[in-house]
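Subject: Structure handover

Hello,

Here is the structure you are taking over. Please open it alongside this note, and then read on for what was found.

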Amino acid sequence: MDSLIREELPEITSNGAFGKNLKYDSFELNKEYVGEDQYMSTVLFGTVTTSDKSQYQVVIKLKLRDEELRVKLKIDYQFHNEIIMYEKIIPFLFECHRSLKGIEDWPSLPRFFYGSNKCGEYSEKDLIMLENVKPLGYQLSKERLFIDYDHLVFALRALAKFHGLSYTAKYKDPNHFQRVIMDLRDTQFDKDGQRLFKNDAFIRLGKRGVDRLLERSGDIYRDNEHLQRFNQLLDDGDNTIRRVLYPREPFSIVCHGDFNRNNVMFLYDETGLPVDVLLFDFGTPRYGSPALDISFFLYMNTTQNMRESHWDDLLNEYCSTLVKSVPSRVRVPSRTEIDSEIAICAFREFSNVSFFLPHQMETDLNYNEEMNEEETIEWLLQLGGDNATDRVADIIQHIVDMKYTNV
């Protein structure tokens, strides 16, 4: 990997990645940093020195070398999306934001240096190079599962600022906005319109939590109309998800698509409290409801107690920041409208959480690439053990209690 980077960097530098008229001098791999929580790509950290002796701290993302897995996970599409986001969509959103005076608070993002996505025989040389923001003080949260209230608030504020960019751009130049988002590729379904796992995989992942909820509180939930509705949605999962993902105006925006604590970095003050949040990993963005990002983030990163105690507070933080992040004449959804969007989108994000949360809770994944699909599903159903089953049941309970089944 290191030698590949050294071979590519001279041309990348000459093409202006670090500025005009600069040549490559050297690259030093930084073994102090490792690619935490990056299981869909290989991540390297290092320092690039250019001919003027300037140094750039970089993080370099490479594609998986396993072609079958790369195709299955749509890694080529993810690279395409991330490059398009950094080269076209985000600059356009920022330019629209900049042109309308009165808002100075920007979402924090890493600097983009270079991206290549030639695919096919060139896949091993494809890469994305970004600024390594760790030397600037940004870091992942120390908590690797559920995060506390302060971290949740700052992350939601950052998300609101990011979403606000789309509302401003749709107001400023709606035609160009629609043109740039057309380049995004769908990573949810394959070319035949099927999700990653076929047959009844999603139903079984969902029933894991439903069965546990009924074991715990069957007298309360067995005849609950919203749990019955939830089961109906499970049984028609793929069609339900397609309906949820279809953009609904006027509130659809460019969603991050994987807004989770492993894709945000926090900057802390001297007391250890977060003061800023930086967003990264834009491989799965989509044009859709802001509630897609909100629901996924909250269900992946909050405990049942946090949801019961602070759900309204957290949504109010998002909504109040969203209003502040756009000029006064730009229309954004109210809190009531956000609630309505979550009622539509929560089920779809549960489908993602039921897959990813057990992964996040498992200390030893021990995945065998030789497993067939049925064996893989059985393996997924065991991830995280009883604790993960209870947490999935907690989320279903919240969706049912909140009546979030309006799909």
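Two strands pair if DSSP finds at least two bridges between them. With that in hand, start at phenylalanine 112, which stands opposite leucine 130 in β5. Please keep in mind that this is a predicted model.

**The sheet**

Four bridges join β4 to β5. These two strands run antiparallel. On another pairing, β5 (residues 127–131) meets β3 (residues 55–62). That pairing is antiparallel too, over five bridges. Here valine 59 stands opposite leucine 130. So which residues does leucine 130 of β5 face? Phenylalanine 112 is one of them, and valine 59 is another.

The whole sheet is open and has five strands. Its order is β1-β2-β3-β5-β4, with antiparallel pairing. The edge strands are β1 (24–29) and β4, each of which pairs on one side only. From one strand to the next, the twist averages 25°.

Is β5 largely enclosed or largely open? Four of its five residues are buried, so the rest of the structure largely encloses β5.

**Serine 108**

Now step back along the chain from β4. Serine 108 sits in the loop between α3 (75–99) and β4 (112–116). Serine 108 has a relative accessible area of 17%. The cut-off for buried is under 20%, so serine 108 counts as buried.

What does the side chain of serine 108 make a polar contact with? Its partner is the side chain of aspartate 276, at 2.8 Å. Residues up to four places away in sequence aside, serine 108 touches Tyr138, Asp276, Val277, Leu278 and Leu279.

**Helix α3 against α4**

Two packed helices are described by the angle between their axes and the distance between the axes. For α3 and helix α4 (residues 149–172), the axes come within 8 Å and cross at roughly 70°. That angle makes α3 roughly perpendicular to α4.

From α3, the contact uses Met85, Phe92, Leu93, Phe94, Cys96, His97 and Ser99. From α4, it uses Phe162, Leu165, Ser166, Thr168, Ala169 and Lys172. By class, this contact has eight nonpolar, four polar and one charged residues.

**Helix α6 against α11**

A second crossing involves helix α6 (residues 201–221) and helix α11 (residues 335–361). Their axes come within 10 Å and cross at roughly 80°. α6 and α11 are therefore roughly perpendicular to each other.

Which residues meet here? α6 brings Phe202, Leu205, Gly206 and Arg208. α11 brings Phe347, Phe350, Ser351, Ser354, Phe355 and Pro358. By class, the contact of α6 with α11 has six nonpolar, three polar and one charged residues.

**Leucine 234**

Leucine 234 belongs to helix α7 (residues 225–235). Its relative accessible area is 0%, so leucine 234 is buried. Leaving out residues up to four places away in sequence, leucine 234 touches Phe202, Ile203, Gly206, Lys207, Val210 and Phe347. Among these, Phe202 and Gly206 also take part in the contact of α6 with α11, as does Phe347.

How far apart are leucine 234 and phenylalanine 202? They are 32 residues apart in sequence. In space they are 7.4 Å apart, C-alpha to C-alpha.

**Helix α12 and what follows**

Helix α12 covers residues 373–382. Its buried residues are Thr376, Ile377, Trp379, Leu380 and Leu381. What covers these buried residues includes α6 and α11.

Asparagine 372 caps the N-terminal end of α12. One of its side-chain oxygens lies 3.2 Å from the backbone nitrogen of glutamate 374.

Just after α12 comes glycine 384, which takes a positive phi of about 80°. Glycine 384 lies in the loop between α12 and α13 (385–401). With a relative accessible area of 18%, glycine 384 is buried.

Which residues is glycine 384 in contact with, leaving aside its neighbours within four places in sequence? They are Arg208, Pro358 and Glu362. Arg208 and Pro358 also appear in the contact of α6 with α11. Glycine 384 and glutamate 362 are 22 residues apart in sequence. Their C-alpha atoms are 4.6 Å apart in space.

Best wishes

Key. Residues are numbered from 1 along each chain as its sequence is written. Side-chain values use heavy atoms; hydrogens and water are left out. Buried means under 20% relative accessible area, exposed over 50%, partly exposed in between (1.4 Å probe, protein chains only). A polar contact is a pair of N or O atoms within 3.5 Å; within protein, one must be able to donate a hydrogen and the other to accept it, and residues adjacent in sequence count only if both atoms are side-chain atoms. Contact means heavy atoms within 4.5 Å. Axes are lines fitted to C-alpha atoms, for helices over the stretch in contact, and angles run from 0 to 180 degrees between N-to-C directions. Angles under 35 degrees count as roughly parallel, over 145 as roughly antiparallel, 65 to 115 as roughly perpendicular and the rest as oblique. Ala, Val, Leu, Ile, Met, Phe, Trp, Tyr, Cys and Pro count as nonpolar, Asp, Glu, Lys and Arg as charged, and the others, Gly among them, as polar.
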